[in-house]
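Let's take a walk through this one, from the sheets to the core and then to the empty spaces. Have the model open alongside as you read.

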Amino acid sequence: MNQVTKGQWNGYDTYTLNSGRLEVTLLPRLGNNVIEIKDKDNHRQVLRKPDETELAFYLQKPYHFGIPMLIPPGRIDKGRFEYGGVEYQFEQNTANDNHIHGLHRTQAWCVSDIEEDDEGCAVTTEFVTSDDPKWIAQFPEPLKLEMNFRLQNNQFIQTLRVHHMGKQPVPFGLGYHTWFLLDGQPQNWTLQLPVEAIYTLNSELLPTGDTASLGHLQPLNSGMNLKEADLDTILKIPEGQPAEAVLTRNDGYQIRYSADRAYFKHWVLYTKGIADQFLCIEPYTWLPNAPNLNLPDSETGLIRLEPESMVELRTKLTISSPESEA
């Protein structure tokens, strides 16, 4: 049953990929967000889904639901930076007049292709940044963004292709603010991911460029129970280790979240206070405030895009359970 069906959310078209095992719903015309993943075998919602009554909140803060894209992720000091001799000024949208979570919000993407085959199904969407006056005013070099969403049985793969259509080299960063549900039972869940250090933050929650030891988060490397976890933390992935987070429930139900290690160098973990309903597992290519840090690109993860070049960034979710795999 690999098929794509159209629906609606608050009058906006949705596209639902169905593999028989999972259903993944996209909202291309409001930020190209994945707003729902339904595990049909286990009768559960995997992500924080926006209710239709929450349209106003969604329009204000779309990164509070589903798998929103952050381009670029995290904070930028006063929204300002210089790159390649060009001065950039992003919107100052925090209490301290910094910028947070990028230029991508609720822009309308176009569906360019739908595939259904024996292996799975897919939807491809496109957006050109020069079509958004606010975006191009802050980031004057045009980019073409192309996202392929593919569902195969219990695997969901997102591939973002970024095409530089301008004339000057530009800095690029991507993150996903992925809202996993803990069903109000954080004590039943364990998170494992390879990390080696915490990036220290200043009083305005901007990275200093320094790191600190993991301390009480050291168990993440072997598996840390989420009971009473209170996380808003940027973590460094060790060289030679995969960018992979494994979220496991005590009955063996498991979500494996992986990213292309060539580009994704950092994780952010966020529980919105003491863990209860949510755990945001956020793969980032660049360290927040990357252009302003006195660190090499190999450390910050800043991607230098040359004119007429393209970069492809891939993440994958795999959801399994003992019953489904038996």
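Is strand S13 mostly covered or mostly open, going by how many of its 10 residues are buried? Mostly covered: 8 of the 10 residues in S13 are buried. Keep in mind that this is a predicted model.

**Strand S13 and its neighbours**

S13 spans residues 143-152, and it has antiparallel partners in strand S12 (residues 121-128), through 8 bridges, and in strand S14 (residues 155-164), through 10 bridges. If you want residues to click on, Val 128 has Lys 144 of S13 as its bridge partner, while Gln 152 is matched with Gln 155 in S14. The hairpin of S13 and S14 has 2 residues between the strands, and Asn 153 there takes a positive phi near 55 degrees.

**The nonpolar core**

S13 matters for the packing count too: with 5 residues, it gives the most to the largest nonpolar core. That core holds 75 residues, and the members touching the most others are Ile 37, Phe 172, Leu 191, Leu 247 and Ile 281. As a general point, nonpolar side chains in soluble globular proteins tend to be buried together.

Leu 247 is a good one to zoom in on. Leaving aside residues up to four places away in sequence, Leu 247 touches a list of partners including Phe 180, Leu 182, Trp 189, Leu 191, Tyr 253 and Ile 281. Thr 190 and Gln 254 are also among the residues that Leu 247 touches. Apart from the largest core lies another one, of 8 residues, among them Leu 70, Ile 234, Tyr 284 and Leu 287.

**The sheet at the start of the chain**

Strands S1 to S5 make an open sheet, in the order S1-S2-S3-S4-S5, with antiparallel pairing. Its edges are S1 (3-9) and S5 (44-45), each pairing on one side only. S1 is joined to S2 (residues 12-18) by 7 bridges, and one matched pair is Lys 6 with Tyr 15 of S2.

**Pockets and cavities**

Now for the empty space. There are 2 cavities of 30 Å³ or more, and here they are with the two largest pockets:

| Space | Volume | Lining by class |
|---|---|---|
| Largest pocket | about 460 Å³ | 10 nonpolar, 6 polar, 4 charged |
| Second largest pocket | about 260 Å³ | 3 nonpolar, 6 polar, 4 charged |
| Largest cavity | about 90 Å³ | 11 nonpolar, 1 polar, no charged |
| Second largest cavity | about 70 Å³ | 7 nonpolar, 4 polar, 1 charged |

The largest pocket, at about 460 Å³, is lined by 20 residues, and those closest to its centre are Arg 75, Ile 100, His 101, His 177 and Asp 232. Strands S22 (230-236), S25 (266-274) and S26 (278-284) are the elements that give two or more residues to that lining.

For the second largest pocket there are 13 lining residues, with Glu 91, Leu 103, Arg 105, Gln 107 and Lys 134 closest to the centre. Helix H2 (residues 133-138) gives the most to that lining, with 3 residues.

Some names turn up again in the cavities. Leu 103 lines the largest cavity, along with residues including Phe 81, Phe 90, Trp 135, Phe 172 and Trp 286. His 101 and Arg 105 line the second largest cavity, together with others including Tyr 58, Tyr 63, Met 69 and His 104.

Key. Residues are numbered from 1 along each chain as its sequence is written. This is a predicted model: local features need pLDDT of at least 70, side-chain atom pairs count only at pLDDT 80 or more; totals for chains, interfaces and linings use all residues. Side-chain values use heavy atoms; hydrogens and water are left out. On a 1 Å grid over the protein atoms alone, a cavity is a set of points where a 1.4 Å probe fits but cannot get out, and a pocket is an open set with protein on both sides within 12 Å along at least five of seven lines; lining residues have an atom within 4 Å of a point. Grid points are joined across faces, edges and corners, and a volume is the space filled by probe spheres set on the points. Helices (H or I, at least four residues) and strands (E, at least two) are DSSP runs, numbered from the N terminus. Ala, Val, Leu, Ile, Met, Phe, Trp, Tyr, Cys and Pro count as nonpolar, Asp, Glu, Lys and Arg as charged, and the others, Gly among them, as polar. Two strands pair if DSSP finds at least two bridges between them. A nonpolar core is a set of buried Ala, Val, Leu, Ile, Met, Phe, Trp, Tyr and Cys residues joined through side-chain atoms within 4.5 Å. Buried means under 20% relative accessible area, exposed over 50%, partly exposed in between (1.4 Å probe, protein chains only). Contact means heavy atoms within 4.5 Å.
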